[in-house]
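Reader: Could you walk me through how the labels in a structure description are earned? I would like to see the reasoning behind each one.

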Amino acid sequence: MESLAQLEALCERLYNSQDSAERAHAENTLKCFSVNTDYISQCQYILDNASTPYSLMLASSSLLKQVTDHSLSLQLRLDIRNYLINYLATRGPLPHFVNASLILLLCRVTKFGWFDDDRFREVVKEATDFLSQASSDHYEIGLKILNQLVSEMNQPNTGLPPTHHRRVACSFRDQSLFQIFQISLTSLSQLKNDVTGRLQELALSLSLKCLSFDFVGTSIDESSEEFGTIQIPSSWRSVLEDPSTLQVFFDYYAITTSPCSKEALECLVRLASVRRSLFTNDAARSKFLAHLMTGTKEILQTGRGLADHDNYHEYCRLLGRFRVNYQLSELVNVEGYSDWIQLVAEFTLKSLQSWQWASSSVYYLLGLWSRLVTSVPYLKGEAPSLLDEFVPKITEGFITSRFNSVQAGFADDDDPLDNVELLQDQLDCFPYLCRFQYQTSSLYIITTMEPILQAYTERALLQAADNSELAVIEAKLSWIVHIIAAILKIKQSTGCSVESQEVLDAELSARVLQLINVTDSGIHSQRYGELSKQRLDRAILTFFQHFRKSYVGDQAVHSSKQLYAHLSELLGLGDHLLLLNLIVSKIATNLKCYTESEEVINHTLSLFLELASGYMTGKLLLKLDAVKFIVANHTREHFPFLEEYRSSRSRTTFYYTIGWLIFMEDSPVKFKSSMEPLLQVFVRLESTPDSMFRTDAVKYALIGLMRDLRGIAMATNSRRTYGLLFDWMYPAHMSLLLKGISHWTDTPEVTTPLLKFTAEFVLNKAQRLTFDSSSPNGILLFREVSKLIVAYGTRILSLPNVADIYGYKYKGIWICLTILSRALAGNYVNFGVFELYGDRALSDVLDIALKMTLSIPLADILAFRKLTRAYFAFLEVLFSSHIVFILNMDTNTFMHIVGSLESGLKGLDTNISSQCASAVDNLAAFYFNNITMGEPPTSPAAINLARHIADCPNLFPEILKTLFEIVLFEDCGNQWSLSRPMLSLAIISEQIFSDLKAQILASQPVDQHQRLALCFDKLMENVTRSLDSKNRDKFTQNLTVFRHEFRVK
């Protein structure tokens, strides 16, 4: 770097240039500052002498990267820290982004050095010195340092093991956090007259960060709006019981505007969630609750700030916290409860009326009301809860608000009726309000629904209808059906008789069942393409799902006599067989009439599958004519959605359900007749000459057939049912799979369903692939699988790469690896037979699988989650059952594969690290048994392994070191699995273990060496040099104690 001016010009380009090539060049040139530790002094020179903000930013961000990525000497880190504090105090005003970067650097150095030297812990005192300066700029820097410090301590870092982060966070919590919270409160009371509001915002933000700290290491998910009670330490008790603490946040809400007022409310939300046991006694807690109620009541009386949407939403959350942390009995006994509950009720009703504005916030309020309502039966004492008066109004207000929203219309992509799962979650609280005064609520719902249902029925008879008017009617009906479905979901609630509730359930259900008779008649039967009709049908399906869970099935029938008696009077549906018939008829109608809407088809099929896979309902279904019709006629003529390519994924679910129903009856004749439509497709495709096999007609027929067969294969859950499918497929139709994969290798749309069917077909779930002892079927199946994978692998490897390499190549490869893993581990093939009779099926398929895995860079294997899983599952099977194949590779390939196991051990997925541990254990055990303990190795495999290890003597020590680091310095959920290879590796050579011990001790502080050396001695106490299970268990027990004692500081 010739001069500072040149550097400044480069920095300007790096941060400001519009030209990406110019930016990349600048980044490459300046990279040395953040990578090479020799440049740290230059960074300091830049900070002292540069004039442009971008060069200061470069110096600061480079130092941050150095501190995070490299272990710098203690003295250097202390120097950086002292320099920064001095720099911030004396440099004068800096641009905001430079200031922020320097402060982040100071906090990072502090966190990483927290246990290395007491001077790092003085940062709070130094920040307080900034606050005591006269200028507001210094005050601002002080608050910013504390804000950043609390954030930094609460946030895990990439350069710090999670356990170390947690120890620092706990130490910081115990030593400094309370002091910082007190500073924030003092600042708030001093800054009430701050005109600019800048410092107020920082002080409020600091309070909020202190209250949001992860006190007990549960790492709250910040993306979710909800959290449990807040575990504030007992030492904070006096400050929280002091009324001025709560009051200061209510005051700030009153005197500031958003975003400050919103932050004040967020602090109150956190304070309202403080654990019960923090308070000295119940009186102190009641006083705190009374203060919260008074403060929230005043906001409601004045309406101050609630016109701002952020404030409004946060205020609803604050009221919602009363539900989580306080009982109705506590609220009722607070003075002023009746005024408070009345104001909250009025506020809820007003919120429901302004639905456009308050859409998502309303659910916090409904949550509060539902909690109050469910607590009523447990309420003791004389104090009235006043809920009888308000809850019916809120129920009616909610339904009216939904209707108003329909009348006004949503933007098409924003309609809550489109997201059925989310809608049912949001409606979770509402049924409790309905069931509280169920007689009144159900009557209101029925009287609201009757005229709309009447209008809908009349429209069915017209020749033509106004589409927009019908859309509004359908949307209103959808809301009512969703609400009734939600009510049925919580079948009973406490506090009123079951019989009367069942009668009312029957009244409401009858209205929906009447609606179903209308939806597919007259003009409505021409409206399947309309969105509003699809939403109504999805609401009906949701109703069926909840009705089924509550009132159809084994237990439900006997306990629901009242419901069926009443339904019999109203509609003639006297038992659940008649009702099931109605549900299945609706399923059949949907599957016949909907060709376009994937959502309705998928929802219908998931309901059909729920019915078929329930033991009792499945048996009942077989008695129904509608089901007999579906099982006998599952062709595209009857169900046009099967024709649609975009619905082809739904076919698997459809055939999975049909498979369930076919296999429920033990009838080979019925199976064969049901498979007739699929047989015709097979015959047609098999008779297609090769020259015609690359047409679209063949392509779509093949994709459909594979998806259908996969569904049927998924439904075979026993040896008998699998045998029916196997005999039907083999040997007659297996050749088509080979033909398909050979002609369509370059088209993932075809190969993916074909390979996925094969992966299902070879999976030995529930021991379904158990053939007679004299049957060659297992071997024959494996030979077919081998041909298929070899055909796919040889062709796919010869094809050039494309932009979407995952979809084009990797996806097919990982499914092949899954097929092979399942076949190798399925325990239905005696693999010794292949070598014995000179059959190359096994060696060819292993060769091609290896070539496919080696064609993918390890970085890509680790980048794609499904590929990662398939790859490591395959390696685990290879090392466990076919280790000789791995040992016979050349040394480079062997090293690459074992090296990838080490990468898998370091990954975050415990499942994968356990598989890698098992593979390493098998390798180390083979070495121990055949080389360490055996005579001079004689078998070719043992000789090869000895040669590999001689070429790479560091292999085993490196893996053992990795395992020790994971167990000692990280939170591992699979310690048992990791302990297995640790023992195998440790006893291979005593030299390896003692070298590693010395290495680990050298990395620890000198004063700890003696204690840690004792820990290592205890680790091998009573552990012999053998791999029998008793010895392994002893080592695993010792390792648990060792880990605990090693980590105690």
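**Salt bridges, burial and cysteines**

Author: Happily! The structure holds 45 salt bridges. This is a predicted model, in which local features need pLDDT of at least 70 and side-chain atom pairs count only at pLDDT 80 or more, while totals for chains, interfaces and linings use all residues. Residues are numbered from 1 along each chain as its sequence is written, and side-chain values use heavy atoms, leaving out hydrogens and water.

Reader: What makes Glu-474 and Arg-527 a salt bridge?

Author: A salt bridge is a side-chain nitrogen of Lys or Arg within 4 Å of a carboxyl oxygen of Asp or Glu. The side chains of Glu-474 and Arg-527 meet at 2.5 Å, N to O, so the pair fits that definition. Glu-474 lies in helix α25 (residues 467-489) and Arg-527 in the loop between α26 (498-519) and α27 (531-551), so their contact ties together parts 53 residues apart in sequence.

Reader: Why is Glu-474 called buried?

Author: Buried means under 20% relative accessible area, exposed over 50%, and partly exposed in between (1.4 Å probe, protein chains only). Glu-474 has 0% relative accessibility, so it counts as buried. Arg-527, at 5%, is buried too.

Reader: And why does Cys-170 count as partly exposed?

Author: Its relative accessibility is 21%, so the label for values in between applies.

Reader: How do you know that Cys-170 is too far for a bond?

Author: A disulfide is a pair of cysteine sulfur atoms within 2.5 Å. The closest cysteine sulfur to that of Cys-170, in Cys-210, is 16 Å away, so a bond is ruled out. A search of the whole structure finds 0 disulfides.

Technical notes: Helices (H or I, at least four residues) and strands (E, at least two) are DSSP runs, numbered from the N terminus.
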